[in-house]
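Q: I would like a careful look at one part of this model. Please take it slowly and keep the terms explicit.

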Amino acid sequence: MNYGAIKKTDVANGPGIRVSLFVSGCTHGCKGCFNREAWDFKYGREFTKQAEGEIMEALSPSYIRGLSVLGGEPMEPQNRGEVLSLLRKVRERYPEKDIWCYTGYVYEKDLLRWIQEENAQEVAELLSLIDVLVDGAFVEERKNLRLAFRGSENQRLIDVKESLRLGSTIMIPS
């Protein structure tokens with residue numbers, strides 16, 4: 001997996017001060033995408049143990065609320081394994097930090113279906129480690145700059161832990 005950037009003090013992609021990893025590679029091709037260069041799976045640098053260590057160290061201060069993973073597309077099959085490995089380590093070392101993930105895929109239509117129909121255990125475990133999922137492709141015609149933590153009105157903030165526990169999609173009001 002490649003990545004385009006690691007932001008160590010991000011305030012735009014989730015609440016509080018966060019560390020954000022922008023992975024490379026995306027097949028959605030959203031019109032008006034803010035990070036179009038990250039569509040290329042080879043964009044940026046290789047995600048190495050050094051990059052992972054940089055993220056783990058950046059998460060250590062108490063004022064850092066959590067990690068956000070976006071892209072590109074963290075849920076692309078080519079990215080899932082590395083993202084999963086990172087999230088496992090973050091959960092183990094920083095159980096008090098929250099994890100947000102941005103995906104152009106839709107929670108029920110894509111992610112849950114993959115788990116049920118394709119036995120995609122990586123996706124199941126990824127979801128179990130994520131606190132908030134921002135789902136849905138960016139739709140330029142529904143762009144709204146007043147929305148918290150997302151770019152278009154079709155995108156949703158999902159409480160993943162409660163959604164999995166209750167078996168229905170639980171939205172976070174914004």
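How much space lies in the largest pocket, and which residues are closest to its centre?

A: The model is predicted, so local features need pLDDT of at least 70 and side-chain atom pairs pLDDT 80 or more, whereas totals for chains, interfaces and linings use all residues. Residues are numbered from 1 along each chain as its sequence is written, and side-chain values use heavy atoms, without hydrogens or water.

The largest pocket (an open set of points on a 1 Å grid where a 1.4 Å probe fits, with protein on both sides within 12 Å along at least five of seven lines) holds about 580 Å³ of space. Of the 29 residues lining this pocket, Phe34, Tyr102, Phe138, Gly151 and Gln155 are the closest to its centre (a lining residue has an atom within 4 Å of a point). By class, the lining divides into 14 nonpolar, twelve polar and three charged residues, with Gly counted among the polar ones.

Turning to charge pairs, the whole structure has 14 salt bridges (a side-chain nitrogen of Lys or Arg within 4 Å of a carboxyl oxygen of Asp or Glu). In one of them, Glu108 pairs with Arg156, their closest N and O atoms lying 2.6 Å apart, and this pair links helix H3 (residues 107-118) to strand E7 across 48 residues of chain (DSSP runs of at least four residues for helices and at least two for strands). Arg156 also forms a salt bridge with Asp135, again with closest N and O atoms 2.6 Å apart, which links strand E7 to strand E6, 21 residues apart. Glu108 counts as partly exposed because its relative accessibility is 31%, whereas Asp135, at 0%, counts as buried (buried is under 20%, exposed over 50%, partly exposed in between, with a 1.4 Å probe and protein chains only).

How values were computed
Points joined across faces, edges and corners; volume = space filled by probe spheres on them.
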